[in-house]
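Visitor: I'm new to protein structures and I'd like to learn how to read one. Could you walk me through it?

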Amino acid sequence: MTAHDYPTGTLVDKAGIDMTLVGDSLAMVALGYTSTSEAVNNAVRMLKEGKVEAVKLEGGKEMAPTIAQLTKVGIPVLGHIGLTPQRQASLGGYKVQGKSVAKARAMIDDAIALQEAGCYAIVLEAVPAPVATHITNVLSIPTIGIGAGAGCSGQVLVQQDMLGLYGRVPRFCKTYRALADDIVGALKEFSADVKSRAFPADEHTYPMPQEELSRFLQ
Ligand code: KIV
């Protein structure tokens, strides 16, 4: 599951989910940018300065030399192929990848190259389920699917998407809760309570000791 800050990371932990991904989906679903590419440099900084245990790199064969360098010095790398949001412009937008036999075969080659470069697992995003299942069967490392069907070894979703907190939910995402409606409802109640002076009530205020209060009011 993705998490982009301490509170949402804590929730993922509490739910007992195996792995937390501080994905660069953050740029879109938390910061409101229209794409994720601005976040690449920040991801590298987080690895250097933060407490992350692995880094996820998008791209196929062309990334293999970089991945091999990182894994050789002990930096665990999670690969990411299929729809790679940092390159969505060159992929024709946020579209399913690997639909033709030629593209599916190229994706299988990419997956093998990433495994050979030392990736400990590979994210498969927006890939037809049969292709993702085949890649999973061919590899000895796990695959983590997002819009890639049930044949992957594991699954990831963007937390804001599955909680209904972000407007455009992709077809592959199941919305487990529509929290935006609850949150907007709560915000409206707050606003109305402030205007009607129903909030703050006595229980939300700090009293003064009676003796001090009497002296203060003199
Ligand atoms: O950036 C991200 O959150 C991701 C996941 C969608 C896999 O890459």
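Guide: Let's go through the sheet, a helix, some loops and the ligand, keeping in mind that this is a predicted model.

Visitor: Let's start with the sheet. In what order do the strands come, and how do they pair?

Guide: Here's the general idea: strands of a sheet pair through backbone hydrogen bonds, either parallel or antiparallel. In this model there is an open sheet of 5 strands, ordered β1-β2-β3-β4-β5, and the pairing is parallel. The edge strands are β1 and β5 (154–155), each of which pairs on one side only.

Visitor: How many bridges hold β1 and β2 together?

Guide: β1 (residues 55–58) pairs with β2 over 4 bridges, in the parallel sense. You can look at single partners too: K56 has L78 of β2 as its bridge partner, and L57 stands opposite G79 in β2.

Visitor: What about β2 and β3, how many bridges there?

Guide: That parallel pair has 5 bridges. One partnership to find on screen is I81 with L124 in β3. Over at β4 (residues 143–146), the parallel pairing with β5 has 2 bridges, and I144 has G154 of β5 as its bridge partner.

Visitor: Is β2 enclosed or open to the outside?

Guide: Count neighbours to decide: a residue is called buried if 20 or more other C-beta atoms lie within 10 Å of its own. In β2, 6 of the 6 residues are buried, so the strand is largely enclosed by the rest of the structure. Both faces are covered, with V77, G79 and I81 buried on one side and L78, H80 and G82 buried on the other.

Visitor: Which helices link these parallel strands into β-α-β units?

Guide: Follow the chain from strand to helix to strand. β1, α4 and β2 form a right-handed β-α-β unit. β2, α5 and β3 form a right-handed one as well.

Visitor: How far does α5 reach from its first C-alpha to its last?

Guide: You compare the actual reach with the rise expected per residue. Helix α5 (residues 101–117) has 17 residues and reaches 24 Å, close to the 24 Å expected at 1.5 Å a residue. Just after α5, G118 takes a positive phi of about 110°.

Visitor: Which residues of α5 are buried, and what covers them?

Guide: The general idea first: an α-helix has 3.6 residues a turn, so residues three or four places apart point the same way. In α5, the buried residues are M107, D110, A111, A113, L114, Q115 and A117. Their cover includes α4 (64–72), β2 (77–82), β3 (121–125) and α6 (129–138).

Visitor: Now the loops. Where is G98, and is it buried or exposed?

Guide: G98 is in the loop between β2 and α5. It counts as buried because it has 26 C-beta neighbours inside 10 Å. Setting aside neighbours within four places in sequence, G98 is in contact with G82, K103, A104, M107, V127, P128 and V131. You can also check a distance along the model: the C-alpha atoms of G98 and F199 are 55 Å apart, with their positions 101 residues apart along the chain.

Visitor: Which residues other than glycine have a positive phi?

Guide: Two to look at are A126, with a phi of about 50°, and R197, with a phi near 65°. A126 is in the loop between β3 and α6, while R197 is in the loop between α8 and α9.

Visitor: Are those two buried or exposed?

Guide: Go back to counting C-beta atoms. A126 is buried, because 24 other C-beta atoms lie within 10 Å. R197 counts as exposed, because it has 8 C-beta neighbours inside 10 Å.

Visitor: What kind of peptide bond joins F199 and P200?

Guide: For this you read the omega angle. Between F199 and P200, omega is about 0°, and the bond is cis. P200 is in the loop between α8 (179–196) and α9 (210–217).

Visitor: Last one: which residues are around the ligand?

Guide: List the residues of the shell, then sort them by character. Around the ligand are T2, L21, G23, D24, S25, H80, V123, E125, I146, V156 and V158. The shell divides into 5 nonpolar, 4 polar and 2 charged residues. You've already met H80, one of the buried residues of β2.

Definitions and conventions: Residues numbered from 1 in each chain as written. Predicted model: local features only at pLDDT ≥ 70, side-chain atom pairs only at ≥ 80, totals over all residues. Near = placed C-beta within 6 Å. Nonpolar A, V, L, I, M, F, W, Y, C, P; charged D, E, K, R; others polar. Expected span 1.5 Å × (residues − 1). Buried ≥ 20, exposed ≤ 12 C-beta atoms within 10 Å, placed from the backbone. Contact = placed C-beta atoms within 7 Å. Pairing = 2+ DSSP bridges. Right-handed = clockwise from strand over helix to strand, strands pointing away.
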